[in-house]
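Me: I'm new to reading structures and I get lost when I look at everything at once. Could you pick one part of this one and walk me through it slowly?

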Amino acid sequence: MTVRVKIPTQLRQLVGGLNEVAIEGAATVGELIQKMGADHPQMLERILDENGDLRRFVNVYVGDEDVRFLEGLETSLEGQTSVSILPAVAGG
């Protein structure tokens, strides 16, 4: 199964300017992030902290659901076709 990861403008330079990355064969959000990080290690550093957890300022959505309100990195991707990564934006 291929899952498309939507990459926001702020992070596109870490994946060669792409607005979307296709990842094959990931069963969970954590596996998806690790597979993406194998090709784009700087992206991995921006998403996960030194303990391997999602950084506080990064939101990951499976469909329309924030993974923090599901099972975090263990959230299943079964039947899902898209994941969105959204870094928090501050200012005003």
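Reply: What follows is a close look at the sheet and at what packs on it.

A quick word on ground rules before we start. This is a predicted model, where local features need pLDDT of at least 70 and side-chain atom pairs count only at pLDDT 80 or more, while totals for chains, interfaces and linings use all residues. Residues are numbered from 1 along each chain as its sequence is written, and side-chain values use heavy atoms, with hydrogens and water left out.

Now for the sheet. Five strands make an open sheet with mixed pairing, and their order is β2-β1-β5-β3-β4. Helices (H or I, at least four residues) and strands (E, at least two) are DSSP runs, numbered from the N terminus. Two strands count as paired if DSSP finds at least two bridges between them. In general, strands of a sheet pair through backbone hydrogen bonds, either parallel or antiparallel. β2 and β4 are the edge strands here, each pairing on one side only.

Start at the β2 edge. β1 and β2 run antiparallel and are joined by five bridges. T2 has E24 as its bridge partner in β2, and R4 has A22. R4 also forms a salt bridge with E20, with the closest N and O atoms 3.7 Å apart. That term means a side-chain nitrogen of Lys or Arg within 4 Å of a carboxyl oxygen of Asp or Glu, and by this rule the count comes to one. The pair ties distant parts of the chain together, since R4 is in β1 and E20 is in β2, 16 residues apart. Both partners are partly exposed: R4 has a relative accessible area of 42%, and E20 is at 31%. Here buried means under 20% relative accessible area, exposed means over 50%, and partly exposed is in between (1.4 Å probe, protein chains only).

Next, follow the side chains along β2. V21 and I23 point to one face and are buried, whereas E20, A22 and E24 point to the other and are not. That is a handy pattern to know: in a regular strand the side chains alternate between the two faces of the sheet.

You'll find the pattern again along β3. V58, V60 and V62 point to one face and are buried, while N59 and Y61 point to the other and are not. β3 and β5 run antiparallel, with five bridges joining them, and V60 has I85 as its bridge partner in β5. β3 also pairs with β4 (residues 65-66), in the antiparallel sense and over two bridges, with D66 in β4 as the bridge partner of Y61. β3 and β4 form a hairpin with two residues between them, and G63 in the turn has a positive phi of about 65°.

While you're in β5, look at S84, which sits in this strand. S84 is buried, at 16% relative accessible area. Leaving aside neighbours within four places in sequence, S84 is in contact (heavy atoms within 4.5 Å) with K6, N59, V60 and Y61.

So what packs on the sheet? α1 does, touching β1, β2, β3 and β5. The direction of α1 makes about 110° with that of β2; axes are lines fitted to C-alpha atoms, for helices over the stretch in contact, and angles run from 0 to 180 degrees between N-to-C directions. V29, G30, L32, I33, M36 and G37 are buried in α1. They lie on the same side of α1 because they cover an arc of only 160° around the axis, the arc being that of the directions from the helix axis to the C-beta atoms. These buried residues pack against β1, β2, α2, β3 and β5. The face turned away from the buried side carries the exposed residues A38 and D39.

Finally, the core. A nonpolar core is a set of buried Ala, Val, Leu, Ile, Met, Phe, Trp, Tyr and Cys residues joined through side-chain atoms within 4.5 Å. The largest one has 24 residues, and M43, I47 and I85 have the most contacts inside it. Two or more residues come from each of β1 (2-6), β2 (20-24), α1 (29-39), α2 (41-47), β3 (58-62) and β5 (82-87). α1 gives the most, with four residues. I85 is a good residue to click on: not counting residues up to four places away in sequence, the residues that I85 touches include V5, M36, M43, I47, V58 and V60.
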